[in-house]
Amino acid sequence: MAGSRLHELSESGVSVWVDSLSREMLETGHLARLLEEDAVVGVTSNPTIFEKALSTGDWYDEQLREQLERSDDTKEVFFALAVEDIKRACDLLLPVWERTDGVDGFVSIEVDPDLAYERQDTFEQAKLLHELVARKNVYVKIPATQPGIGAIEDSIAAGRSINVTLIFSLERYAAVAEAFVRGLERLVEAGGDPTNVASVASFFVSRVDTEADRRLAEIGREDLQGRLAVDNAKLAYEHYLEVFSGPRWEALATSGARPQRCLWASTSTKNPAYRDVLYVEELIGPDTVNTMPFETIAAFQDHGVSRETLTEGVDEAHALLRDLETAGIDYDDVTATLESEGVQKFSDSFATLLAGIDAKRATLVV
């Protein structure tokens, strides 16, 4: 579908990734069609996505039976299934990775969400997942909790490609970007090669409006609703442009380092009153990623408009933060709440997923 709306979006500098992965997508050719028809150049996954995939149909039953006969460790069984999907998706996207010189073509797998507040354990599992997948176009996802920041820096310093997930606040994004730069500096100082160390910073979007809008409705300030999510992301991109320029970054770039791109996650519109492609159209700018669920991909293909918007209205975005503070909305509390809820949601999905595997043990293993 050359010349489609999503291809136009790609030409605007936005890499289109799909926010889903399953054995069914791989077996039926669905993922391959997304690459060909919808300009998709990357794939992300998380515990919620895998929980949905494993609970639908019998696509995993054959491998699941083999793993359950081999191991009593339910987490080990899950990761064996997930790693197989990630490997196959990486192989499918390898031509994209090669065509884009290692910029796109990545597939992401997330560390155990129960480790979200454990720096060393997260680092060790990120290393293990890289080794298990053993593909140069794999990202391991690490949540941007305070302990996670250290694990991110350590992983980058070890030459691992990392997708930093669950970023909500500007302060935490600044810490993520700093951890990435420090990790690269440690890698280079140790004699390592940063050329093939890639990273994205996944800034969550729609959930910010959901939480802020709820609080604004409670105080009767509907005039400020529907703005924080986009403006928050625009201010993050403003910081990105500052970090990845200037003497400090140029010294790393000379060694072959690449910037850590901003990735806009959670970009489906939760409020039906908002345009269904709001979080795509308003966040278009060079060297960014937008990871979309199927419905957002379809919506943008149908009626999305591509023009650079990410650097527009930045002064107004700064003003909005001041207006929210004046109105009594605590931005730091909004983002802290979202981070805590985000970690918990993934942990809950992981627990449900593991319980589902245990439930199948009785029927699959005789």
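**Notebook: helices around a barrel**

I noted first that helices H8 and H9 are roughly parallel to each other; angles under 35 degrees count as roughly parallel, over 145 as roughly antiparallel, 65 to 115 as roughly perpendicular and the rest as oblique. The model is a predicted one, so I kept local features to pLDDT of at least 70 and side-chain atom pairs to pLDDT 80 or more, while totals for chains, interfaces and linings use all residues. I number residues from 1 along each chain as its sequence is written, and side-chain values use heavy atoms, with hydrogens and water left out.

**Entry: H8 with H9**

I looked up the angle behind that first note: H8 and H9 pack at about 30°, and their axes lie 7 Å apart. The axes are lines fitted to C-alpha atoms, for helices over the stretch in contact, and angles run from 0 to 180 degrees between N-to-C directions. Helices here are DSSP runs of H or I with at least four residues, strands are runs of E with at least two, and both are numbered from the N terminus. The crossing of H8 and H9 is right-handed, a call made when the near helix is turned clockwise from the far one by less than a right angle, anticlockwise being left-handed. For contact I use heavy atoms within 4.5 Å. On the H8 side I listed Gln 146, Ile 149, Ile 152, Glu 153, Asp 154, Ile 156 and Ala 157. They meet residues of H9 including Arg 172, Val 176, Phe 180 and Leu 187.

**Entry: H7 with H8**

Next I took the pair H7 and H8 (residues 146-157), which pack at about 40° with axes 8 Å apart. That angle makes H7 oblique to H8. Their crossing is right-handed. H7 brings Arg 119, Thr 122, Phe 123 and Ala 126 to the contact, and H8 brings Pro 147, Gly 150, Ala 151, Asp 154 and Ser 155. I noticed Asp 154 in both lists: it takes part in the contact with H7 and in the one with H9.

**Entry: the barrel**

Which strands close the barrel, and in what order? I traced eight, in the order S1-S2-S3-S4-S5-S6-S7-S8, with parallel pairing. The twist averages 30° from one strand to the next. Two strands count as paired if DSSP finds at least two bridges between them.

At the closure, S1 (residues 14-18) and S8 (residues 288-292) run parallel over five bridges, and Val 14 stands opposite Thr 288 of S8. I then turned to the helices on the sheet. H7 (residues 119-133) touches S3 (106-110), S4 (138-143) and S5 (162-167), and its direction makes about 160° with that of S4. H9 (residues 170-189) touches S5, S6 (199-204) and S7 (261-265), and its direction makes about 175° with that of S6.

On the other side of S8, three bridges join it in parallel to S7, and Trp 264 stands opposite Asn 290. How much of S8 is buried? Five of its five residues are, buried meaning under 20% relative accessible area, exposed over 50% and partly exposed in between (1.4 Å probe, protein chains only). In a regular strand the side chains alternate between the two faces of the sheet. I sorted S8 accordingly: Thr 288, Asn 290 and Met 292 are on one side, with Val 289 and Thr 291 on the other, and both faces are covered.

**Entry: H10**

I checked the length of H10 (residues 206-218): at 1.5 Å a residue its 13 residues should span 18 Å, and the end C-alpha atoms are 19 Å apart, which agrees. The expected span is 1.5 Å times one less than the number of residues. Among its buried residues are Arg 207, Asp 209, Glu 211, Asp 213 and Arg 215. Gly 220 follows H10 and has a positive phi, near 70°.

**Entry: loops and one distance**

I also picked out two positive phi values outside glycine. Ala 134 is at about 55°; it sits in the loop between H7 and S4 and is exposed, at 51% relative accessible area. Ser 266 is near 55°, in the loop between S7 and H13 (278-281), but is buried at 12%.

Ser 22, in the loop between S1 and H2 (23-28), is buried at 11%. Leaving aside neighbours within four places in sequence, Ser 22 contacts Ala 53, Tyr 60 and Asp 85.

Last, Asp 333 belongs to H16 (residues 331-364) and is partly exposed at 36%. Its C-alpha is 34 Å from that of Gly 159, 174 residues away along the chain.
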